[in-house]
Amino acid sequence: MTSTQKELLVLIVTAACVISLAIVFTLFYLHYYKNSIDAIKEGRRDIELIDDNINEQIKARSKKHKALKITLKVLSYLLSAAALTIFIIALINRFSGGDIVVGNSTVLVVKTGSMSEINAANKEELAGYDNQIPTWSLIGISKVNEEDLKPYDVIAFHDNNSNQIIIHRIIDIMEDDGGHYYVTRGDALASEDGFHPRYEAIIGRYNNFHIPYVGLFIYFLQTNAGIVTILAIIYCLVLFGVLSDKIAKKEKERKEELIAVIDIDLAIKEVNHDIIEKIYYHGYVYSFKNNEFISKEKILADDEHLPSKKNELIKVIEKPNETEVRSNLITTTLKEEKK
């Protein structure tokens with residue numbers, strides 16, 4: 001089996017696995033989406049939504065919560081930007097052969113261990129040179145003028161013999177009728193390279209910028225299998241985002257309806273008149289004092305304000321020497337109520 005056939009087989013197997021997982025995710029999340037929307041419409045998540053609203057209002061008043069929320073948002077943006085950058089770098093390396101220089105610099109993936117350590121045979125010669133490069137590092141390469149190249153610089157160049165990009169150290173600069181050529185060798189190797197590049201074949205010089213192990217992800221992403229995987233992930237994220245937004249919108253609509261009926265705003269600070277408000281709904285009683293949330297408890301069977309119907313909400317307002325009871329039936333289907 002040739003290398004091309006192996007690559008095709010890997011692509012087919014990867015595509016089959018990734019597409020199958022994407023289909024399973026789609027079916028699962030569509031089922032979850034439908035159940036979530038139905039639960040919201042039918043009022044089965046009302047207690048959860050009331051709890052969420054109370055927690056949101058309490059947290060909104062906390063400076064620490066606001067700072068944490070902003071920090072998490074910034075981190076999510078940074079991680080997304082980093083992931084997108086890695087994918088773009090992978091595509092550039094894939095379709096350009098790693099030879100696109102933006103300004104005076106480019107980045108390359110070190111795929112072998114030929115520069116990862118110093119071979120015992122080279123220790124004396126390379127004493128003092130400690131810029132070895134671990135395998136699968138992402139490194140920075142900068143353009144360099146020919147006259148600025150010197151022995152023991154680490155350079156990236158096109159090897160015409162193997163049709164690959166090599167990242168090795170210059171160990172000597174020679175000259176013949178064609179001009180200067182460079183003798184190179186990997187620090188971890190005992191012998192010099194068979195191909196001696198001239199200046200025209202040199203992409204640039206290693207500028208000591210490197211990120212360990214990131215190159216492994218870039219190398220995978222620039223393969224056919226990696227591109228298929230990323231496209232499937234993007235599809236799943238888009239589907240998740242679209243359906244999650246629809247669920248969030250429906251939750252917001254239901255919360256607004258519940259808030260309108262409950263009529264409790266924790267952001268409003270009442271003058272202390274010892275006003276206690278209790279909300280009886282779906283088996284729970286919420287207690288508030290001067291618009292401050294106090295507790296949530298299960299309704300006792302002998303409570304005089306126990307709702308008689310499933311979707312009945314009873315609001316009890318206790319003022320000094322006065323008690324007011326209001327009863328409402330919450331419509332379970334938003335669309336029907338709006339009609």
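A charge is taken to sit over an aromatic ring if NZ of Lys or CZ of Arg is within 6 Å of the ring centre and within 35 degrees of the ring normal. In the present structure, which is a predicted model, Lys296 meets this description, lying over the face of Tyr284 at 4.4 Å from the ring centre.

Contacts between aromatic rings were examined next. With ring centres required to lie within 6.5 Å, the count comes to seven aromatic pairs. In one of these, the rings of Phe25 and Tyr29 have their centres 5.8 Å apart and their planes at 5 degrees, so that the pair is classed as stacked, the limit for this class being an angle under 30 degrees. Both residues belong to helix α1, which spans residues 3-41, and they are separated by four residues, or about one turn of the helix. Their surroundings can be described by relative accessibility: Phe25, at 25%, counts as partly exposed, whereas Tyr29, at 7%, counts as buried, a term reserved for values under 20%. Phe25 and Tyr29 are also members of a cluster in which ring pairs link them with Tyr32 and Phe240.

A further pair is formed by Trp136 and Tyr219, whose ring centres are 5.2 Å apart and whose planes stand at 40 degrees, so the pair is tilted. This pair links distant parts of the chain, 83 residues apart, since Trp136 is in the loop between β1 (105-109) and β2 (138-142), while Tyr219 is in helix α4 (residues 214-221). Trp136 has a relative accessible area of 23% and is therefore partly exposed; Tyr219, with a relative accessible area of 34%, is likewise partly exposed.

Attention was then given to the pockets. The second largest pocket holds about 300 Å³ of space, and its lining draws at least two residues from each of the helices α3 (63-96), α4 and α5 (224-262). Of these elements, α3 gives the most to the lining, with six residues. The lining residues are Ser80, Ala81, Ala83, Leu84, Ile86, Phe87, Phe217, Leu221, Ile230, Ile233, Ile234 and Leu237. Sorted by class, the lining of this pocket comprises 11 nonpolar residues and one polar residue, with no charged residues; the polar class takes in Ser80, because Ser is named among neither the nonpolar nor the charged residue types.

Note on methods: Residues numbered from 1 in each chain as written. Predicted model: local features only at pLDDT ≥ 70, side-chain atom pairs only at ≥ 80, totals over all residues. Heavy atoms only, no water. Phe/Tyr/Trp six-rings, centres within 6.5 Å; stacked < 30°, edge-to-face > 60°. Buried < 20%, exposed > 50% of the residue type's maximum accessible area, 1.4 Å probe, protein only. 1 Å grid on protein atoms, 1.4 Å probe; cavity = no way out; pocket = protein on both sides within 12 Å on 5 of 7 lines; lining within 4 Å. Points joined across faces, edges and corners; volume = space filled by probe spheres on them.
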